[in-house]
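Please open the model in your viewer and keep the sequence panel beside it. The stops below move from the cysteine pairs to a strand, with a selection suggested at each.

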Amino acid sequence: MSARERYYLRRIKEDNDHEKSWVIYLQGGYYCNSKTECNERYQQDSRLMSSTKWPKTMEGIGILNAHITANPLGWGSNLVYIPYCTSDLWLGDTEADGERDFHFRGALVIESVIEALIEKEGMSAANSVLLTGTSAGALGVMLHIDKISKQIRKTGSKAVVRGISDSGWFVETEKTKNKGSIQYWQVNRTISQECMETHSDSDWKCLYGVNIYPGIKSPLMIIQFYFDDFQMELNGIQVDMAAGGSGIHQTDERLQQLVDKVTSSLSALETVFGVSCYGHGVLDSTELYTQLKVQEVSLQKAIQCWIMDQCPQRNMDYCQALHPNNTEPCNYDCMRLLQRTTFFSWNGRPRTRDPTLPWTQTTESP
């Protein structure tokens, strides 16, 4: 391989009943698609552009929490965290050159890490692999899950590969057209040719879930806030959190249009957990992952039912009766929960960390 695979792994002992179960998480963190933007990004947070300052160990939170009380679904699985240092939505396939000061090799990083997990960590014996990710990592899940499934099956494994895409369901607006990225990152093999041919004059459309989802063959769950704070920020929509956590008061017509687009597109999906609430990211927060509910159904229960195919797979808040104009969230329990939750998001906001078992960082050389 021509890339270095770096990841964090908490390996289950071989005599554990869950040792053939794997949970893999792709970190998010937005992107950059020009020399100026990427140099500024490196100055602001070099960890999103390089692995040189990554710590040797880390604590697992949310879906990677190693405690049974906080993560009854995944605590006994092999847990893998793949940090995001390529700033290319896990898509890039090019090296630094005159036009670029950095490598953009997100696609190769994922391929290389999966190969290392198969060949050196025993994932070839897996019977279940859950690929998860938040924000940019959520897009990585949608774009790579079928390829990872094929990569695992080439070993003779019969593992069921599923995906959970968290807070990456962005809808197309004038302000979020991601033009130039596919060319800048030299995306040659990650996006399906069918999508590229369908949108030959606007290839950036292939970076939106609504255009990626129809071509995905692997089981996939979408988790999405209707009032995604990052999506709102990108669209220039100001948020006014009401005192007492009662919601967002916003009469901007753009907000109504944005939420309408989000909810209508989610309604067409087979497996979805749609939350009428303000936020961005669930799987990387222990509080939200363990306590978030939609219509009295907890997220963990929804995931369990989906995996076991035992109950309805579409869980969505419907707020038309309360707010016919879609300008305020109606999941008040979520709003109150968010007020108690602290975050570390892509732009430096602090996020709650919980003490868990130590992780081991594995570094593979070419």
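A disulfide is here a pair of cysteine sulfur atoms within 2.5 Å, and this predicted model holds 3 of them.

Begin by selecting C277 and C334, which are joined by a disulfide with an S to S distance of 2.1 Å; with -90° about the S-S bond, their link is left-handed. This pair links distant parts of the chain, since C277 belongs to strand β7 (residues 272–279) and C334 to helix α11 (residues 332–340), with their positions 57 residues apart in numbering. Buried or exposed: which word describes C277? The cut-off for buried is under 20% relative accessible area, so C277, at 0% relative accessibility, counts as buried. C334, with a relative accessible area of 2%, is buried too.

Next, select C195 and C206, where a second disulfide has an S to S distance of 2.2 Å. Turn the view to look along the S-S bond, about which the torsion is -110°, and the link of C195 and C206 is left-handed. Here too the pair links distant parts of the chain: C195 sits in helix α5 (residues 193–198), whereas C206 lies in the loop between α5 and α6 (209–212), and the two are 11 residues apart. Both C195 and C206 are buried.

Move on to C32 and C38, which are joined by a disulfide with an S to S distance of 2.1 Å. The torsion about the S-S bond of C32 and C38 is about 105°, so this disulfide is right-handed. C32 is buried, at a relative accessible area of 1%, and C38 is likewise buried, at 1%.

Now leave the disulfides and select residues 78–82, which form strand β3; 5 of its 5 residues are buried, so the strand is largely enclosed by the rest of the structure. In a regular strand the side chains alternate between the two faces of the sheet. Show the side chains of β3, and N78, V80 and I82 will be found pointing one way, with L79 and Y81 pointing the other way, all of them buried.

Keep β3 on display and add strand β2 (residues 21–26), which pairs with β3 in the parallel sense over 5 bridges. Which residue of β3 is the bridge partner of W22? That partner is N78, a residue already met among the buried ones of β3.

For a last selection, take C85, which at 16% relative accessibility counts as buried.

Notes:
Residues numbered from 1 in each chain as written. Predicted model: local features only at pLDDT ≥ 70, side-chain atom pairs only at ≥ 80, totals over all residues. Heavy atoms only, no water. Buried < 20%, exposed > 50% of the residue type's maximum accessible area, 1.4 Å probe, protein only. Helix = DSSP H or I, 4+ residues; strand = E, 2+ residues; numbered from the N terminus. Pairing = 2+ DSSP bridges.
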